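Reader: I would like a close look at a single part of this model, the surroundings of the ligand, together with whatever secondary structure helps to place it. Please take me through it in one connected account.

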Amino acid sequence: MSPTFLDVGIASGCVALYLVIRYVQYLREPIRSVCCAPREDAHWLWGHEFSVWKEEVSKKYLEWTSILGPVYRIKAPFFQRDVLVAGDNASSSHVLQNAYRYEKAPAFLPITVKLVGRGVVWAHGDVHKHQRRLISPAFTVSAVRGMQDDVSECAEKLVAGIKKTIHARNDESITTNIEPLVASATLDIVGRIAFGHDFCNGESSEAKAISEAWHKDVKMGRTMAGFLAPVVIGAFPFINHLPIPALQKDGVTKTIALKIAADMLKEHRAREKVDGEGRDMLSILVRDQLNRKGEDALEDWELLENISTFIMVGHETTSCSVIFTLLELARHPEVQWKLRQELQELNEFTPDNISNLPYLDAVTKEGLRMHAASPRTDRIALVDDVIPLSKPMTTTSGEKITSIPIKAGQIIQIPTGCINLNPDVWGRDAGQFQPERFITPGGLPAVDQLPHGPYGNSGTFIEGPRTCIGWRLAVMEFKVLLAHLVRDLVFEDTGKRVEEYIAGTLQAFCEGEAAHLPLKISLA
Ligand code: HEM
């Protein structure tokens, strides 16, 4: 049945009413006096979000920061309320430290449920406090230390595989896409440490299914549909409840991880009752569940959804930070050489000697600063508030202000990738890979100018009650992988242009190909 004149009239009336309401709300917005990113960068319907997505990671935020300073306003898609970009220390820290007054913005929550589950990444309010407290035993210093043997074994396998390929080609070097090799290793690592499962160096059918699904998602993430999915669901959340199979279906990694974890839960519980010595996260959490004897313990579904969460968020993040750091090392042979010297001076790798190497630590900090795997986070204010600023800023009317009043419902973007690269904070060489800044006296800006994250003075793991709970594990994994790779292999740049875009997390693209980072590799 084709729409009648009346239907069209009603629809147009609704759109007009929506626009009028939005305009009246806009006139009352306290953040209206904050300067707006250039209008020419804003699409009439998608707002500034489209140019952020279209360009390489952090590019637009850095451009706007250089024009307007670190705190400004951008236009949101579908004429929704303007968004506040909080790119200075005081404002971003205020929002992140008050995590229960500034919850995760609703746009990404339905996607989080589908891809990783209702674990701690998704949870908010009291559910988040409860889950976070009960999963924290899996991430203590001693728990992470107990995981290092598994991580080292996977790193050794990765290096052995690359050496074998070099020998098999009967050549001095190979040029290969490093992305799938490192991603298989980090999946192997997280499989072992999450629930004692062997993904067989990317060769098991589950590992292949996860990798295939992930690559599909990465490719999709760079299409218009990938841009629109979170934007449309964020603007019109009811869409997510429509009975459309594609919207309701769980992601492949979540489905596989939940199945393996569920199969293993009984076995782990029986084993923990007998010896209580398992070092993987599932064992640690089952042990904690048993000790609590039911009261205040994680329920089985929470335990499983969190294990699924760890598999998803603990694998690609570490992998992409490592591969971009390898590219930096390939482009800075003098840094690579110095790091190899430090590594080759050790007789063997142990948890202590790897974690205490000063140059490896500096390279790790610099790699994580420059290539934050999750370079932005969005929050929504639950109550009216006043956000402090690090430095006074000038409003559209020329007034100097030291804080910004906001209303409940205000969306705030924290561009951590840009915070890590802002030349006004890090200096003119902010965009250059220089690990020396972390070991040279005076190499870093004053502490009060830097983010208060848990490692490396960067915003990479954010800060506050929702700081990445896996940061210790990520740093250990990063160092162990880099130590094995750089001690035994030499990495050279192929000269090809590698671009960094966001597709779920940070991803490498080379000549239009997704998840692609070519490197020339030879034996050290
Ligand atoms: C280099 C590697 C990693 C980076 C850069 C990273 C970064 C982050 C960031 C930025 C967040 C906050 C997201 C937000 O609130 O919007 C986060 C949260 C989280 N990360 Fe990581 N992560 C890494 C590795 C890991 C690993 C290895 C695990 C565990 C296996 C992990 C588990 C989590 C969890 C569970 C959360 C949610 C914490 C909460 O909301 O309370 N991450 N991560």
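Author: In this predicted model, five strands make up an open sheet of mixed pairing, in the order β1-β2-β8-β5-β3. Its edge strands are β1 (71–74) and β3 (102–104), each of which pairs on one side only, and from one strand to the next the twist averages 35°. Within the sheet, β2 (residues 83–86) and β8 (residues 411–414) pair in the parallel sense over two bridges, with Leu84 standing opposite Ile412 in β8. Across β1, β2 and β8 lies helix α3 (residues 59–68), which runs at about 120° to β1.

The sheet also leads to the ligand, since β5 (377–381) is listed with α6 (125–135), α15 (300–313), α16 (316–331) and α22 as elements that each supply at least two residues of the shell around it. The largest share, three residues, comes from α16. By class, this shell has 13 nonpolar, nine polar and four charged residues, and of its 26 residues, His128, Arg132, Thr377, Arg466 and Cys468 come nearest to the ligand.

For the iron atom of the ligand, the protein offers a single donor, the SG atom of Cys468, 2.3 Å away; Cys468 itself is placed in the loop between α21 (423–426) and α22 (471–488). Polar side-chain atoms also approach oxygen atoms of the ligand: that of His128 lies 2.6 Å from one, that of Arg132 lies 2.7 Å from one, and that of Arg466 lies 3.0 Å from one.

Technical notes: Residues numbered from 1 in each chain as written. Predicted model: local features only at pLDDT ≥ 70, side-chain atom pairs only at ≥ 80, totals over all residues. Heavy atoms only, no water. Donors = N, O, S within 2.8 Å, 3.2 Å for Na, K, Ca; no water. Helix = DSSP H or I, 4+ residues; strand = E, 2+ residues; numbered from the N terminus. Pairing = 2+ DSSP bridges. Axes fitted to C-alpha atoms, helices over the stretch in contact; angles between N-to-C directions. Contact = heavy atoms within 4.5 Å. Near = heavy atom within 4 Å. Polar contact = N/O pair within 3.5 Å; in protein donor to acceptor, adjacent residues only side chain to side chain. Nonpolar A, V, L, I, M, F, W, Y, C, P; charged D, E, K, R; others polar.
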